[in-house]
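Work through the exercises below with the model open. Each task is followed by a stepwise solution.

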Amino acid sequence: MTEEVALPEAPEEARTVFGESFPEAVRYAELLADAGVTRGLIGPREVPRLWERHLLNCAVLSEVVPEGVTVCDVGSGAGLPGIPLALVRRDLKITLLEPLLRRTNFLQEVVELLGLDHVTVVRGRAEEVLGSLQPVHVVTARAVAPLDRLAGWGVPLLRPYGEMLALKGDTAEEEINGARAALSKLGVVETEVLHVGEGVVDPLSTVVRVVVGESPGGVRFAAKRAKAARSSRTRRRR
């Protein structure tokens, strides 16, 4: 690795945030800076700011994730925010959902190397696993798509009264306003913008929180889930 893309030493905040998992967090950062770059999962220009912009920015999402819940990280890519969240929160059951094989291969290697027994890697698109993947309490995502499209993928994977937590930028409020009609059709009953990471990241991480009612995804997805469940039961009986 050339000097211009060398991985910087972990900041002191990382020791505090990751705690006992700090050595694993360092190993993950090293994997991102090496294999992550050579396999095209992240750009080389991101390496000098891996800690602040990526690992810590994602790890502080743990501040708003309830205790002991199931999580699906949609479009996990190189494992952001799913892997940092898993390192901070061993109480969670996390699924990393990613459609591209080269990324799922990397994710599986990371999970095994870091000993993340509470993490499962699934290859597929959100719309493809609907009905086969158990509905989760929380869906997470980062830099995957505009909110209306992201919600269309993530919200149907939720349990009734579950929530989607999407790491967004300065346009979070605008995205919510532009997506209100689509969110309503998906059974969303509450939205808010949260800022997390006080004393850890600057600027704070912006999170859009989307809460669903008793029908995640709305009527159309309820029918799709029921059909997928029937198909699954039929396959098991054979």
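**Salt bridges around a strand pair**

Glu-190 has a relative accessible area of 37%, so Glu-190 counts as partly exposed. The model is predicted.

**Exercise 1.** Find the salt-bridge partner of Glu-190 and place both residues in the fold.

*Solution.* Step 1: the Glu-190 side chain meets that of Arg-209, N to O at 3.4 Å. Step 2: Glu-190 sits in strand β6 (residues 188–196) and Arg-209 in strand β7, so the bridge ties together parts 19 residues apart in sequence.

**Exercise 2.** Is Arg-209 buried or exposed? Do the same for Glu-163.

*Solution.* Step 1: buried requires under 20% relative accessible area. Step 2: Arg-209 has 18%, so Arg-209 is buried. Step 3: Glu-163 has 10%, so Glu-163 is buried too. Step 4: Glu-163 and Arg-209 form a salt bridge, with the closest N and O atoms 3.0 Å apart. Step 5: this pair links distant parts of the chain, from strand β5 (residues 158–168) to strand β7 (residues 205–212), 46 residues apart.

**Exercise 3.** Which residues are linked with Arg-209 in a network of salt bridges?

*Solution.* The network links Arg-209 with Glu-163, Glu-190 and Glu-192.

**Exercise 4.** How many salt bridges does the structure hold? Describe the one between Arg-39 and Glu-109.

*Solution.* Step 1: the structure holds 10 salt bridges. Step 2: in the Arg-39 to Glu-109 bridge, the closest N and O atoms are 2.8 Å apart. Step 3: Arg-39 lies in the loop between α2 (22–38) and α3 (50–59), Glu-109 in helix α5 (residues 101–114), 70 residues apart. Step 4: Arg-39 is partly exposed at 32% relative accessibility. Glu-109 is partly exposed at 35%.

Note on methods:
Residues are numbered from 1 along each chain as its sequence is written. This is a predicted model: local features need pLDDT of at least 70, side-chain atom pairs count only at pLDDT 80 or more; totals for chains, interfaces and linings use all residues. Side-chain values use heavy atoms; hydrogens and water are left out. A salt bridge is a side-chain nitrogen of Lys or Arg within 4 Å of a carboxyl oxygen of Asp or Glu. Helices (H or I, at least four residues) and strands (E, at least two) are DSSP runs, numbered from the N terminus. Buried means under 20% relative accessible area, exposed over 50%, partly exposed in between (1.4 Å probe, protein chains only).
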